[in-house]
Amino acid sequence: QVQLVESGGGLVQAGGSLRLSCAASGRTFSGYAMGWFRQAPGKEREFVARIKLNGGSTLYADSVKGRFTISKENTKNTVYLQMNSLKPEDTAVYYCAVRPTYSEDFGSWGQGTQVTVSS
């Protein structure tokens with residue numbers, strides 16, 4: 001079983017930047033993909049971005065495309081989410097998760113890290 005720990009959240013003004021980290025432990029950093037999701041108050045959790053662990057191809061939600069960048073560092077078992085040009089609507093708890101295989105859904109959710117963007 002893999003354990004995921006997110007960090008890097010905080011309070012930032014609109015237009016600012018943050019970098020989130022997701023550190024994996026408990027087993028070899030492997031699987032099909034890692035992803036970032038977010039949940040704003042009163043809303044359902046939504047997909048933000050994902051990166052394939054083999055090859056590194058990425059996919060983004062339309063709402064963050066061009067502003068956010070997902071990356072990975074295999075030697076540190078860590079996935080990052082660089083968030084630029086932040087908007088108040090990006091305010092949410094951000095979670096990372098692992099998708100073990102193509103046929104499985106994302107799971108092994110971390111505890112989340114709060115991102116608050118002030119206007």
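Me: Why is Phe 47 called partly exposed?

Reply: Happy to explain, with the reminder that this is a predicted model. Phe 47 has a relative accessible area of 27%. Buried means under 20% and exposed means over 50%, so a value in between is called partly exposed. That is where Phe 47 falls.

Me: And what makes Phe 37 buried?

Reply: The relative accessible area of Phe 37 is 10%. The cut-off for buried is under 20%, so Phe 37 counts as buried with its 10%.

Me: Why is the pair of Phe 37 and Phe 47 called edge-to-face?

Reply: Two values settle this one. The ring centres of Phe 37 and Phe 47 are 5.7 Å apart, and rings pair if their centres lie within 6.5 Å. The planes make an angle of 75 degrees, and over 60 counts as edge-to-face. The pair links distant parts of the chain, with Phe 37 in strand β4 (residues 33–39) and Phe 47 in strand β5 (residues 46–52), ten residues apart.

Me: How do you know that Phe 37 and Trp 109 form a pair, and of which kind?

Reply: The same reasoning works here. Their ring centres are 4.9 Å apart, against a limit of 6.5 Å. Their planes stand at 75 degrees, so the pair is edge-to-face. Here too distant parts of the chain are linked: Trp 109 lies in the loop between β9 and β10 (113–118), 72 residues from Phe 37. Trp 109 has 30% relative accessibility and counts as partly exposed.

Me: Which residues do ring pairs link into a cluster?

Reply: The cluster holds Phe 37, Phe 47, Phe 106 and Trp 109. Across the whole structure, the search finds four aromatic pairs.

Me: How do you know that Cys 22 and Cys 96 form a disulfide?

Reply: Their sulfur atoms are 2.0 Å apart, and the rule asks for a pair within 2.5 Å. The count by this rule comes to one disulfide. Cys 22 belongs to strand β3 and Cys 96 to strand β9 (residues 92–99), 74 residues apart, so to speak of distant parts of the chain being linked is fair.

Me: Why is this disulfide called right-handed, and are its cysteines buried or exposed?

Reply: The torsion about the S-S bond is about 65 degrees, so the disulfide is right-handed. As for the cysteines, Cys 22 is buried with a relative accessible area of 0%, and Cys 96 counts as buried at 1%.

Me: What makes Arg 19 a charge over the ring of Tyr 80?

Reply: Arg 19 lies over the face of Tyr 80, at 4.2 Å from the ring centre, and the distance limit is 6 Å. Another case is Arg 99, whose charged end sits over the ring of Tyr 102, 5.3 Å from its centre.

Me: How do you know that β3 and β8 pair?

Reply: At least two bridges are needed, and strand β3 (residues 18–25) and strand β8 (residues 78–83) have six, in the antiparallel sense. One of the β3 residues, Ala 23, has Thr 78 in β8 as its bridge partner.

Me: What makes β1 and β7 the edge strands?

Reply: Four strands form an open, antiparallel sheet in the order β1-β3-β8-β7. β1 (3–7) and β7 (68–73) each pair on one side only. From one strand to the next, the twist averages 15 degrees.

Me: Which residues touch the most other members of the largest nonpolar core?

Reply: Trp 36, Leu 81, Met 83 and Tyr 94 do, in a core of 29 residues. At least two residues of this core come from each of β3, β4, β5, β7, β8, β9 and β10.

Terms used
Residues are numbered from 1 along each chain as its sequence is written. This is a predicted model: local features need pLDDT of at least 70, side-chain atom pairs count only at pLDDT 80 or more; totals for chains, interfaces and linings use all residues. Side-chain values use heavy atoms; hydrogens and water are left out. Axes are lines fitted to C-alpha atoms, for helices over the stretch in contact, and angles run from 0 to 180 degrees between N-to-C directions. Buried means under 20% relative accessible area, exposed over 50%, partly exposed in between (1.4 Å probe, protein chains only). Rings of Phe, Tyr and Trp (its six-membered ring) pair if their centres lie within 6.5 Å; planes under 30 degrees apart count as stacked, over 60 as edge-to-face and the rest as tilted. A charge sits over a ring if NZ of Lys or CZ of Arg is within 6 Å of the ring centre and within 35 degrees of the ring normal. A nonpolar core is a set of buried Ala, Val, Leu, Ile, Met, Phe, Trp, Tyr and Cys residues joined through side-chain atoms within 4.5 Å.
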